[in-house]
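Me: Please take me through the structure shown below, one question at a time. I should like each reply to set out its reasoning before it gives the result.

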Amino acid sequence: MPAYDNEGATISMEDVRDPDDSTLRIGTIEEELAARRNRMFKTQQSTVASRRQQAVCVRRAHKKYGTTKNPNVILDGLNMTVPKGAIYGLLGASGCGKTTLLSCIVGRRRLNSGEIWVLGGRPGGPGSGVPGPRIGYMPQETALFGEFSIRETMIYFGWIAGMTTKEVDERIDFLVTLLQLPNPTRQVKVLSGGQQRRVSLAAALLHDPELLILDEPTVGVDPVLRQSIWDHLVEITKGGRTTVIITTHYIDETKQANIIGLMRGGRFLAEESPMELIRRYNGESLEDVFLKLSVLQNRGKRRRSSILADVVERVEIPAIPDPTVDTEDPEVGEISGEFGDNVSMSSKGRGVVAEPTVVEALPPEEKHPRGILERIQPMKMHHMQALVWKNFWSLFRNFGLLAFIIGLPISQMFLFCLAIGHYPVGLPIAVVNYEAGANNTDVLCQYNKNECPQDPDTWEWNLTRFSCRYLDFLSQRQNNLIAYPSESIAMAEAERGRARVVLVFPSNFSASLQDRLRDPRHADVYTIMSSDIQAHMDDTDKQVEWMLNRDLLLAFMEATEHLSGVCHLPGRLLATPVYIHKPIFGLEVPNFTDFAGPGVILT
Ligand SMILES: Nc1ncnc2c1ncn2[C@@H]1O[C@H](COP(=O)(O)OP(=O)(O)OP(=O)(O)O)[C@@H](O)[C@H]1O
């Protein structure tokens, strides 16, 4: 009785091999295919070890694009088995998902569910060599650097694969001859599209990988060259070390493949040797076979029932419900007979001709303990070397980009030093000086600068117009003082952005200040309030606000020091009792450009 996995797939012939029996040799691909045909319905147990023996083994692959509500299902439970040493032709209509499948195999995309084993490991997993020098991948879209010559391109990819420059040079001559490439000194960007694709193919062949994955390598290639490419593929797979998976739209050229997988509707219609397919379906060509199988699939006939009805006892098996499949759609739910697993079936297995099933789950996935170093995968030296070399030359040869990269920070620094960080001068300061009189339009009002307002006999103070003294010193720091007759007008102007600060001096400012200093114990709130200069700051620019604030305080200190001077009193008598010495480091007058420059350069 055959063993089926939980989608009803029987287990492949290679899976039945004892994984521990290392003496068991895989024969030629033809022998293997014949053996599989004979064992098509034999009970076999699939093991991880047996899957890892294949070059590529895909099991129950599901891949969809789009949203959950509107999914575009590309791979729908696909199984694929590529034995080592085979040329595997992957065929299918445009858009059926060949590239998607290949990019999952090389680890560029991930399946939504299912298993992929490549050269015994999981793509991207530890020890798989995928991605890495064990595989050579020629993508559909070339990934070449236009500024490089053909030789430099080969050196870059050779270094990535761990080759030395000497080894690359030795290989270039052979590849140039094989693929009829132009002179290796020619720049890639001046090559034709077909020539560029051949350079891309050369890059994949360069390091003689164990697994070659070629996505339409013969597009735009003339028939003679196409033949020599195929001859080369046949040659390199002869020894059994190299495996090739190749997609093409020229169906008949895959006659030289050992196995072809005909892909349609997210699954394989067949996975067989080309000659056997032609014989079995009595087709004139592979194209003919593909057409017949497509018609069968469209009719809703299961390949297994239609092809193998004559060899299998007809037994009805219950369907395995699969919520992802629309049971009303006759296009979906075909059996996709994989040669590796022989037959798999979907949820629409209702009424399928098959033997009774024993549903077995896939073997558990191998768990690799991964250390932190393994997880972050530090870059290898030869990768670093190749990347630095590539980036250096591609920059060096692209003068516009180089000029931009060097010129941008220089011009940024230049503009920064020109425009930002200077000491802010000429800031508009609105002054409402009620002490000088509401009608006073002269912001620098009159006062006796060198006369001491202290009686020399009684030492009584008679402080007047101290606001004018203060404004005099402030104007030496900020020279754009504008007088306004009232606080409301000045505030309105500041709100329109015409003043950075509004200074208001109460009408009895000097007298109150004098009272406050002379007899602080009896100074009431009114006296204290009216002896303050009221300042309303525009705080949108913190740096400017900070410097302006500093000027307002320093001007007050200078005015009081001057007053102490003319009265022959100690200079700091009226100053704030905190003495700021010269800075230990930095400048006494701060320079914002010096302070912010390093940050801007780093940015
Ligand atoms: N990144 C993506 N996002 C959404 N849909 C995608 C994406 N890549 C491919 N598809 C769709 O998946 C389907 C299969 O694309 P894929 O490129 O795998 O087909 P293909 O068989 O390689 O086609 P061709 O032979 O023309 O190269 C297409 O319908 C395509 O539009």
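Reply: Helices are DSSP runs of H or I with at least four residues, strands are runs of E with at least two, and the numbering starts from the N terminus. The model discussed here is a predicted one.

Me: Which element supplies the largest share of the shell around the ligand?
Reply: The ligand is surrounded by Y65, N72, I74, G92, S94, G95, C96, G97, K98, T99, T100 and Q140. At least two residues of this shell come from each of β3 (71-82) and α4 (98-105). The largest share is three residues, and the element that supplies them is α4.

Me: How many residues of the shell around the ligand are polar?
Reply: Glycine counts as polar in this classification, and the shell includes G92, G95 and G97. Three residues of the shell are nonpolar and one is charged. The number of polar residues is eight.

Me: In what order do the strands of the six-stranded open sheet lie?
Reply: The pairing in this sheet is mixed. One of its pairs is β7 (residues 211-215) with β8 (residues 243-247), which run parallel over five bridges; in that pair, L211 has T243 as its bridge partner. The six strands follow the order β6-β7-β8-β4-β9-β10.

Me: Which are the edge strands of that sheet?
Reply: The strand order is β6-β7-β8-β4-β9-β10. An edge strand here pairs on one side only. That description applies to β6 (135-138) and β10 (267-272).

Me: Which strands of this sheet does helix α7 touch?
Reply: Neighbouring strands of the sheet are turned by 15° against each other on average, direction ignored. Helix α7 (residues 193-205) packs on the sheet, and its direction makes about 170° with that of β6. The strands touched by α7 are β6 and β7.

Me: Why is one side of β13 and of β15 left without a neighbour in the sheet?
Reply: These strands belong to an open sheet of four with mixed pairing, in the order β13-β12-β14-β15. β13 (481-483) and β15 (534-537) stand at its edges, so one side of each lacks a neighbour, the reason being that each has a single partner strand.

Me: What is the bridge partner of V502 in β15?
Reply: Strand β14 covers residues 501-505, a range that contains V502. β14 and β15 run antiparallel and are joined by four bridges. Within β15, the partner of V502 is H536.

Me: What angle does the direction of helix α16 make with that of β12?
Reply: Two helices may be described here. Helix α15 (residues 466-477) packs on the four-stranded sheet, where it touches β12 (429-433), β13 and β14; its direction makes about 145° with that of β13. Helix α16 (residues 487-495) also packs on the sheet, touching β12, β14 and β15, and its direction makes with that of β12 an angle of about 175°.

Me: What is the orientation of α5 relative to α13?
Reply: Helix α5 (residues 150-160) and helix α13 (residues 381-396) pack with their axes 8 Å apart, at an angle of about 155°. Angles over 145 degrees fall in the antiparallel class. α5 is therefore, with respect to α13, roughly antiparallel.

Me: How many residues of the contact of α5 with α13 are nonpolar?
Reply: From α5, the residues E152, Y156, W159 and I160 take part; they meet H382, H383, Q385, A386, W389, K390 and W393 in α13. Of these residues, three are polar and two charged. The nonpolar residues number six.

Me: In which sense, left-handed or right-handed, does α5 pass α7?
Reply: The two axes come within 9 Å and cross at roughly 35°. I150, T153, M154 and F157 in α5 meet V199, A202 and A203 in α7, a contact with six nonpolar residues, one polar and no charged ones. The crossing of α5 with α7 is right-handed.

Me: What is the orientation of α5 relative to α6?
Reply: The axes of α5 and helix α6 (residues 165-178) come within 9 Å, crossing at roughly 130°. An angle over 145 degrees would count as roughly antiparallel, and 65 to 115 as roughly perpendicular. The orientation of α5 to α6 is therefore oblique.

Definitions and conventions: Residues numbered from 1 in each chain as written. Predicted model: local features only at pLDDT ≥ 70, side-chain atom pairs only at ≥ 80, totals over all residues. Pairing = 2+ DSSP bridges. Contact = placed C-beta atoms within 7 Å. Axes fitted to C-alpha atoms, helices over the stretch in contact; angles between N-to-C directions. Near = placed C-beta within 6 Å. Parallel < 35°, antiparallel > 145°, perpendicular 65-115°, else oblique. Left-handed = near helix turned anticlockwise from the far one by under 90°.
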